[in-house]
Amino acid sequence: MLEHSLPKENFLLLKGRRFSSAVNERLKVVFSSPNTVLCYPGSEAVDIETLPKVNENNSGYNVIILDGTWPQAKSLYANCDELKKIKQIQINSDGASEYVIRTQPTEKSLSTVETAALALSILEGKPDLKDALLQPLKALCSFQLAHGAVTHQSKEFLIRNGLHKSQIPYCLS
């Protein structure tokens, strides 16, 4: 969705399980820029709201978002030493994911497109940008729900309420 929503000159999509600037020339520029940030939660991550907005910074940011399941994102991060040197940021949002047809790990977990939409709207100081970038996701969920999909709760919610499948005892008869 992001690939089709953002200007091609401002978007770089790389597919794979391991990344290195030695393998991809375009990554050298991104990894070495002081204005590159990595959306990756953790103890080293700073709240994205504390960064200067693009119009204050005047040079913009390279925002890296690891796409995949949480275990895949953790593996991508663990396997790339260059990512560990980049300033980590996190989004501290109170809102739940709008990707309601998929089970998220926690109630505050966001999909890749939601992370990008929020990050760009915050960094550029354009709240309307979030809504514009999330329209395809909302349309996808609405279509799926209208055709038999069901709304999912987060894994965290299911566990807290005793509804997670790993907590349901098996009956042998």
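In what order do the elements of the chain run from the N terminus on?

**Figure 1. Overall arrangement of the chain in the predicted model.** Starting at the N terminus, the order of elements is α-α-β-β-α-β-α-α-β-α-α-α. Eight helices and four strands are thus present in the chain. Taken along the principal axes, the box filled by the C-alpha atoms is roughly 65 × 35 × 30 Å. Of the 173 residues in the chain, 30% are buried. Contacts between residues at least 6 apart in sequence were also examined, and 69% of these join residues at least 24 apart.

**Figure 2. The open sheet and its strand order.** The sheet consists of four strands with parallel pairing, arranged in the order 2-4-1-3. Its edges are formed by strand 2 (46-47) and strand 3 (62-65), each of which pairs on one side only.

**Figure 3. Pairing of strand 1 with strand 3, and the helix across them.** Strand 1 (residues 36-39) runs parallel to strand 3 and is joined to it by four bridges. Within this pair, L38 is placed opposite I64 of strand 3. Helix 6, comprising residues 112-124, lies across strand 1 and strand 3. The angle between helix 6 and strand 3 is about 160°.

**Figure 4. The second largest pocket and its lining.** This pocket holds about 210 Å³ of space. Its lining comprises 15 residues, of which A96, S97, E107, H152 and S154 are the closest to the pocket centre. Classified by side chain, the lining of the second largest pocket contains eight polar, four charged and three nonpolar residues.

Notes
Residues numbered from 1 in each chain as written. Predicted model: local features only at pLDDT ≥ 70, side-chain atom pairs only at ≥ 80, totals over all residues. Heavy atoms only, no water. 1 Å grid on protein atoms, 1.4 Å probe; cavity = no way out; pocket = protein on both sides within 12 Å on 5 of 7 lines; lining within 4 Å. Points joined across faces, edges and corners; volume = space filled by probe spheres on them. Nonpolar A, V, L, I, M, F, W, Y, C, P; charged D, E, K, R; others polar. Pairing = 2+ DSSP bridges. Helix = DSSP H or I, 4+ residues; strand = E, 2+ residues; numbered from the N terminus. Contact = heavy atoms within 4.5 Å. Axes fitted to C-alpha atoms, helices over the stretch in contact; angles between N-to-C directions. Buried < 20%, exposed > 50% of the residue type's maximum accessible area, 1.4 Å probe, protein only.
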